[in-house]
Amino acid sequence: MEYENKHVLAPMVRVGTLPLRLLAAQYGADITYGEEIIDHKFLKCERRINECIGSTDFVEKGTENVVFRTCKQERDRVVFQMGTSDAMRALRAAEIVCKDVAAVDINMGCPRSFSLSGGMGAALLSKPELIHDILTTLKRNMDTPVTCKIRLLKHSHDTVELARRIEKTGVSALAVHGRRVPDRPRDPAKWDEIADVVAALSIPVIANGDVFEYDDFQRIKVATGASSVMVARGALWNASIFSPEGKVPWEDVKREYIRKSILWDNDVKSTKHTLKEIIMHYSCLELPEGKAVIKSDTLADLAQLYGEEEYYQHVNKTRFQVEVD
């Protein structure tokens, strides 16, 4: 996995599933992160080949829920992001999936209470010894590239010091979200503090924060000196942000997302959540489209809502033939 001059889809909870990752790649994303998955949960999973749709699934034993789904098409660019607070547990979880992904990333930036209370995500930022333990344990025992994603600390010099300690573990790259833990998405990203980290390290740094147009990739790269650039909300709202030819109308992108969700049998709750996020950005959930999405119970309902019934029927007919054969 190379980390120079790459455009990267950020990890996003309930959003970064296979359809959005493939959609982002279709428009030009070089690296695509999956949503954060907690090590405890992943250790309950077993790897299964889903011949019906051509995917590799990691299925939770007992519930039969698909916790992580990937495919050969994204093997060389998908990053498995993990939430963890224990080195050996992280290693056991990573060993389950490492042969099916391009890299494993440790989440050290999530500010959600669930992560913090479990000692994961941004809680790790104040535990440099544990960070060292987790990353060195993974590096020693796996050939798969290991990276991590952090947020800014209270003072820039503290962020730089932590980044230097992380670099010494041998990670392949470091992603830096240009906000502190208490910051909200509306607060401007501090590109200057990402630049401080870049200046102090020799490994690739991936800059993240306030990338909403294609031109922003170059703007943040110049401002920070970062090797690569990561985008979250900008890609959620319109995955064609990765296209150098300019954005495609969001209605068209949304329909393509529906088709990929149907093709890869995405969890309907995840699909609905992503659609609602898009609609809330451009419109309102109280309008007919939003209400219809909320009422939809299945992918078939969503296919009908967006005029993709014929595609839905074609996919399921093909799937049935595979099962029969």
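**Helix 1, annotated sites and internal cavities**

The buried residues of helix 1 are covered by elements that include strand 1 (7-9), strand 2 (31-33), strand 6 (66-70), strand 7 (78-83), helix 9 and helix 10. The structure described here is a predicted model, and within this model helix 1 is mostly covered, since nine of its ten residues are buried. The buried residues of helix 1 are Leu18, Pro19, Leu20, Arg21, Leu22, Leu23, Ala24, Ala25 and Tyr27. Just after the helix, Gly28 takes a positive phi of about 130°.

Helix 1 also takes part in the lining of an internal space. Two cavities of 30 Å³ or more are counted in the model, and the largest cavity has a volume of about 60 Å³. Helix 1 (18-27), helix 9 (233-237) and helix 10 (250-263) are the elements that give two or more residues to the lining of this largest cavity, and helix 10 gives the most, with four residues. The lining of the largest cavity is formed by Leu20, Leu23, Ala235, Leu236, Trp237, Asn238, Ala239, Trp250, Val253, Lys254, Tyr257 and Ile278; by class, ten of these residues are nonpolar, one is polar and one is charged. Leu20 and Leu23, which belong to this lining, are also among the buried residues of helix 1.

The second largest cavity holds about 40 Å³ of space. Pro128, Ile131, His132, Leu162, Arg165, Ile166 and Thr169 line this second cavity, and the elements that give two or more residues to its lining are helix 5 (128-141) and helix 6 (156-167). The lining of the second largest cavity divides into four nonpolar residues, two polar residues and one charged residue.

In the UniProt record, an unreviewed entry, the annotation "domain: DUS-like FMN-binding" covers residues 9-282. Over residues 9-282 the chain is 41% helix and 21% strand, and the C-alpha atoms at the two ends lie 20 Å apart. The same kind of record, again unreviewed, places the feature "binding site" at Pro11, Met12, Val13, Gln81, Lys149, His177, Ala232 and Arg233. Two of these positions, Met12 and Lys149, are described in turn below.

Met12 is placed in the loop between strand 1 and helix 1. With a relative accessible area of 9%, Met12 falls under the 20% limit and is therefore buried. When residues up to four places away in sequence are not counted, Met12 touches Leu20, Glu35, Ala232, Arg233 and Leu236. Of these, Ala232 and Arg233 carry the "binding site" feature in the unreviewed UniProt entry, whereas Leu20 and Leu236 appear in the lining of the largest cavity.

Lys149 is found in strand 9 (residues 146-152) and, at 12% relative accessibility, counts as buried. Leaving aside neighbours within four places in sequence, Lys149 is in contact with Pro11, Gln81, Asp105, Ile106, Asn107, Met108, Gly109, Ala175, His177, Asn208 and Met230. Pro11, Gln81 and His177 are listed under the "binding site" feature of the unreviewed UniProt entry.

The feature "active site" is placed by UniProt, in an unreviewed entry, at Cys110. Cys110 lies in the loop between strand 8 (103-108) and helix 4 (113-117), and its relative accessibility of 10% means that Cys110 counts as buried. Apart from neighbours within four places in sequence, Cys110 is in contact with Glu36, Ser115, Leu116, Gly121 and Ala122.

A search of the whole structure finds zero disulfides. Cys148 is in no disulfide, and the nearest cysteine sulfur, that of Cys110, is 15 Å away. A disulfide is a covalent bond between the sulfur atoms of two cysteines. Cys148 is buried, with a relative accessible area of 0%, whereas Cys284 is partly exposed, with a relative accessible area of 31%.

Ile206 lies in strand 11 (residues 205-208) and counts as buried, at 1% relative accessibility. Leaving aside neighbours within four places in sequence, Ile206 is in contact with Tyr3, Val8, Tyr33, Ala173, Leu174, Ala175, Val176, Ser228, Val229 and Met230. Ala175 and Met230 are contacts of Ile206 and are also found among the contacts of Lys149. By comparison, the C-alpha atoms of Ile206 and Lys154, which are 52 residues apart along the chain, are separated by 20 Å.

Definitions and conventions:
Residues numbered from 1 in each chain as written. Predicted model: local features only at pLDDT ≥ 70, side-chain atom pairs only at ≥ 80, totals over all residues. Heavy atoms only, no water. 1 Å grid on protein atoms, 1.4 Å probe; cavity = no way out; pocket = protein on both sides within 12 Å on 5 of 7 lines; lining within 4 Å. Points joined across faces, edges and corners; volume = space filled by probe spheres on them. Nonpolar A, V, L, I, M, F, W, Y, C, P; charged D, E, K, R; others polar. UniProt positions renumbered as here; feature names shortened; annotations may be inferred. Disulfide = S-S within 2.5 Å. Buried < 20%, exposed > 50% of the residue type's maximum accessible area, 1.4 Å probe, protein only. Contact = heavy atoms within 4.5 Å.
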